[in-house]
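Trainee: Please take me closely through the way one pair of helices meets, and then follow the chain outward from there to whatever touches the same region. I would rather have one connected account than a list.

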Amino acid sequence: MRAAQLKAVLPRELLASVVVFLVALPLCMGIAIASGMPPAKGLITGIIGGLVVGWLAGSPLQVSGPAAGLAVLVFELVRQHGMAMLGPILLLAGFLQLVAGRLRLGCWFRVTAPAVVYGMLAGIGVLIVLSQVHVMLDGVPQPSGLDNLTGFPAAVAEAIPGLGWQAGLLGLTTMLVMWAWDKLRPHKLRFVPGALLGVGLTTGASLLLALQVKRVQVPENLADAIDWLHPADLLNLADPSLLVAAFAVAFIASAETLLSAAAVDRMHNGQRSDFDKELSAQGVGNMLCGLVGALPMTGVIVRSSANVQAGATTRLSAM
């Protein structure tokens, strides 16, 4: 990009970057919590998704990071095998994505009927909601969706006489603000996402009113959250269940990424996505996440749509 072109687009790209950052920050931490991982792990994945995948991406306006579509799978993997095993799984999953991209198999992922993928993601979404309503009441989610559903009345009964109702009220207010903003926001402020406004207002209210709710804990130095992959851990990939998990992560992440890329293409008139290049970039990103013990990543539609709506036209905004 020439200097004159860069000077022309830089203000708009910076604005889009700020919007994406503010939207991505709580989402990265929230998805990490939903996945049973420390919030800092989600931030590390978001950083890799922006700086590395954003630079290599075949879909220039798509934003990559931890995605809700993998939260349930990661939660189960961590519960069954521990966080240490997530690294080898992601390393293999990323390698599979990289190879698939180099073999130009991106189009084959798009052959999968959107109804199948959306149905899968909807089912995952239901499980996430069932688990996170407990978190919204400052409680602890149960291992299975059925346990979360049947345990909800008890969680409410425990929250009302205690302090959990304050957290629940904040959660409901956040959802109400998001819904109202999407319905009523002025055209001039269309680039401001409802999630950003909802999280910002309720966070400010909780601090102003000194509400007794749990706070997200992150280390002062994000590098302290890095858990480097040990070569000996790779031997555990001989376990068939871990191999199946790696293939599952690779497939779900690839399908969600490419569907998101196709959706982003319909939002703008700029450069179209190169699905094979995008798949390879996601593979590199997930391999790096495996090396540092972070969450898996995909291309994510919420952050990507915020990027487009904020006026982004180049890959600089996603970085």
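**The last helix and its surroundings**

Mentor: The crossing of α11 and α12 is right-handed, and everything that I say about this crossing and its surroundings refers to a predicted model. The axes of α11 and α12 lie 10 Å apart and make an angle of about 135°, so the two helices are oblique to each other; an angle has to be over 145 degrees to count as roughly antiparallel. On the side of α11 the contact is made by A253, S254, T257, L258, A261, A262 and D265, and on the side of α12 by F275, E278, L279, Q282 and N286. Sorted by class, this contact of α11 with α12 holds six nonpolar, four polar and two charged residues.

Helix α12, which spans residues 275–292, also packs against helix α4, residues 86–102, with the axes 7 Å apart and an angle of about 160°. That angle makes α4 roughly antiparallel to α12. The crossing of α4 with α12 is left-handed, whereas that of α11 with α12 is right-handed. From α4 the residues taking part are G87, L90, L91, G94, F95, Q97, L98, A100, G101 and R102, and they meet D276, L279, S280, Q282, G283, V284, N286, M287, C289, G290 and L291 of α12. By class, the contact of α4 with α12 is made up of 10 nonpolar, nine polar and two charged residues. If you compare the two lists, you will find L279, Q282 and N286 named in the contact with α11 and named again in the contact with α4.

L279 also leads us on to the loop that follows α4. L105 lies in the loop between α4 and α5, and its C-alpha atom is separated by 8.6 Å from that of L279, although the two residues are 174 apart along the chain. Leaving out residues up to four places away in sequence, L105 touches A100 and D276, and both of these also belong to the contact of α4 with α12. L105 counts as partly exposed, because its relative accessibility is 31%. R104, in the loop between α4 and α5 (106–111), has a positive phi of about 60° although it is not a glycine. With a relative accessibility of 55%, R104 counts as exposed.

A second residue of this kind is A210, a residue other than glycine whose phi is positive, near 55°. A210 is placed in the loop between α10 (194–208) and α11 (240–265), and because its relative accessibility is 52%, it counts as exposed. On the other side of that loop from α11 is α10, whose axis comes within 8 Å of the axis of helix α9 (residues 164–184), the two crossing at roughly 145°. The crossing of α9 with α10 is right-handed. Here L170, T173, T174, V177, M178, W181 and D182 of α9 make contact with G194, A195, L197, G198, V199, L201, T202 and S206 of α10, and the contact of α9 with α10 has, by class, eight nonpolar, six polar and one charged residues.

Back in α12, C289 is one of the residues that meet α4, and at 0% relative accessibility it counts as buried. Which cysteine sulfur is closest to that of C289? It is the sulfur of C28, at 10 Å, and that separation is too far for a bond, because a disulfide needs the two sulfur atoms within 2.5 Å. Seen from the other end, the closest cysteine sulfur to that of C28 is the one in C289, and C28, with a relative accessible area of 5%, is buried. The structure as a whole holds zero disulfides.

Just after C28 in the sequence comes M29, and the C-alpha atoms of M29 and P39, 10 residues apart along the chain, are separated by 4.3 Å. P39 belongs to helix α2 (residues 39–56), and because its relative accessible area is 12%, it is buried. With neighbours within four places in sequence left aside, P39 is in contact with M29, A32, I33, V216, Q217 and V218. Among these partners, V216, Q217 and V218 fall by their numbers between α10 and α11, in the loop that also holds A210.

Terms used: Residues are numbered from 1 along each chain as its sequence is written. This is a predicted model: local features need pLDDT of at least 70, side-chain atom pairs count only at pLDDT 80 or more; totals for chains, interfaces and linings use all residues. Side-chain values use heavy atoms; hydrogens and water are left out. Helices (H or I, at least four residues) and strands (E, at least two) are DSSP runs, numbered from the N terminus. Buried means under 20% relative accessible area, exposed over 50%, partly exposed in between (1.4 Å probe, protein chains only). Contact means heavy atoms within 4.5 Å. Axes are lines fitted to C-alpha atoms, for helices over the stretch in contact, and angles run from 0 to 180 degrees between N-to-C directions. Angles under 35 degrees count as roughly parallel, over 145 as roughly antiparallel, 65 to 115 as roughly perpendicular and the rest as oblique. A crossing is left-handed if the near helix is turned anticlockwise from the far one by less than a right angle, and right-handed if clockwise. Ala, Val, Leu, Ile, Met, Phe, Trp, Tyr, Cys and Pro count as nonpolar, Asp, Glu, Lys and Arg as charged, and the others, Gly among them, as polar.
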